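Let's walk through this model together, starting with how buried residues are told apart and moving on to a metal site, some empty spaces and an aromatic contact. Keep the viewer open as you read.

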Amino acid sequence: MKKPGRKKFLQALAAGTIALPFLIRLGGKPQAQTASGPGIISGKKYKWRMVTTWPPNFPVLGEGCNLMAQWIHEMSAGRMEIKVYGGGELVPALETFDAVRNGAAEMGSGAAYYWTGKAPAASFFAAVPFGMNAQQLNAWLLSGGGLQLWEELYAEFGLVPIPGGNTGVQMGGWFNREITSMASFQGLKMRMPGLGGRVLEKAGGTPVLLSGGEIFTGLERGIIDATEWIGPYHDYLMGFHQIAKYYYSPGWHEPGSELEIIVNKKQMDELPADLQAIVRTAALRMNQWILSEFEAKNSIYLEKLIREEGVQLRQFPQEVLDQLKVYTKEVIQELTDSNPRAKKVYESYAAFQQRAALWARSSEKVFYDEMLI
Ligand code: CA
């Protein structure tokens with residue numbers, strides 16, 4: 001019996017309007033595995049490994065990687081499988097960059113500020129104190145030439161970067177004493193990575209580098225006086241409200257930390273064009289999903305922290321923020337003076353931020369106080 005719709009299907013196929021995995025089944029046996037080109041899809045299967053800087057299945061960030069793998073599987077009709085490894089499962093978390101670079105894994109997930117030792121300019125693709133928020137950073141990357149600069153930077157390492165999420169604005173951290181002036185930072189030992197840590201140092205504090213698993217005990221035992229982490233959802237899961245009294249905003253040091261998917265360039269180039277598009281599309285979907293998930297969860301958990309846990313919300317005084325901005329300018333100046341590529345990237349970043357700030361102050365900033373609540 002003739003199958004319904006077969007004629008239509010064959011006409012469409014002849015017209016080249018269907019590009020399909022079905023093609024390989026038409027003759028009753030698979031076609032050559034090497035076929036490629038418009039409208040022809042090879043049946044070749046790709047099994048990739050994704051190493052990550054996150055603990056396995058870490059809320060939002062690790063979950064996003066798992067989802068990305070699932071989407072790639074779905075979009076490729078099973079031709080591409082990604083096995084996701086948490087930090088330490090295949091390689092240590094902070095070897096993600098090198099593992100993808102040397103081909104031990106084809107793909108990775110992390111944040112560019114972990115690699116500033118290798119590429120100082122990478123800071124501008126992750127978090128800049130008093131810099132752009134998630135919306136502005138995405139606009140710079142995707143519509144303002146930022147991603148091209150990022151690709152140029154990573155091409156030197158044989159890697160392809162794709163925006164792979166953003167935390168949104170983070171919180172300023174947990175303190176056991178109120179921040180009333182710059183004097184409050186004198187001698188303050190605080191977990192604060194990246195450029196923010198260098199700003200804290202200029203303010204008289206001591207940035208302490210602790211991994212996620214060490215922070216709670218460090219704060220509880222007084223090894224550090226204060227800590228930043230991410231935002232209400234992750235901070236709640238860490239239980240910081242049990243050992244610190246004041247929760248400060250804004251996260252001036254991380255106004256919208258961008259996360260990344262990195263792909264081994266050689267492996268990417270060897271993928272058929274449609275799978276390359278699928279990998280990019282899945283990463284960009286993850287980019288959106290992670291930011292949305294942070295926004296949704298943070299709003300729920302901030303309320304929980306205030307209403308159920310009695311956390312005291314505080315804002316840094318204006319004079320403190322003003323002075324931290326002065327130190328931030330010095331830190332950025334030192335960075336761009338010492339590295340020509342960082343200078344080139346920052347020129348693009350800063351020009352975009354200046355325009356974005358004018359627009360945001362004239363639009364969203366005014367609107368926020370007028371929202372129906
Ligand atoms: Ca943080």
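Buried here means under 20% relative accessible area, exposed means over 50%, and partly exposed lies in between, with a 1.4 Å probe and protein chains only. By that rule Trp 229 counts as buried, because its relative accessibility is 13%. Gln 170, at 4%, counts as buried too.

A word on the ground rules: this is a predicted model, in which local features need pLDDT of at least 70 and side-chain atom pairs count only at pLDDT 80 or more, while totals for chains, interfaces and linings use all residues. Residues are numbered from 1 along each chain as its sequence is written, and side-chain values use heavy atoms, leaving out hydrogens and water.

Now turn to the calcium ion. Its protein donors are Gln 170 (OE1), Glu 228 (OE, listed twice), Trp 229 (O) and Glu 254 (OE), at 2.2 to 2.9 Å from the ion. Donors are N, O and S atoms within 2.8 Å of the metal (3.2 Å for Na, K and Ca); water is not among the atoms, so sites may look incomplete. Along the sequence, the donor residues follow the spacing Q-x57-E-W-x24-E. Gln 170 sits in the loop between β4 (159-166) and β5 (173-175), and Trp 229 in the loop between β8 (226-227) and α8 (232-238), so this pair ties together parts that are 59 residues apart in sequence. Helices (H or I, at least four residues) and strands (E, at least two) are DSSP runs, numbered from the N terminus.

Next, the aromatic contacts. The structure holds 21 aromatic pairs. One of them joins Phe 97 and Trp 115, tilted, with 5.2 Å centre to centre and 35° between the planes. Phe 97 belongs to helix α3 (residues 96-101) and Trp 115 to the loop between β3 (107-110) and α4 (134-143), so the pair links parts 18 residues apart in sequence. Both Phe 97 and Trp 115 are buried. Rings of Phe, Tyr and Trp (its six-membered ring) pair if their centres lie within 6.5 Å; planes under 30 degrees apart count as stacked, over 60 as edge-to-face and the rest as tilted.

Finally, which residues lie nearest the centre of the second largest pocket? They are Leu 94, Tyr 113, Tyr 114, Arg 191 and Pro 193, among 38 lining residues. A pocket is an open set of points on a 1 Å grid over the protein atoms alone, with protein on both sides within 12 Å along at least five of seven lines; lining residues have an atom within 4 Å of a point.

Terms used
On a 1 Å grid over the protein atoms alone, a cavity is a set of points where a 1.4 Å probe fits but cannot get out, and a pocket is an open set with protein on both sides within 12 Å along at least five of seven lines; lining residues have an atom within 4 Å of a point.
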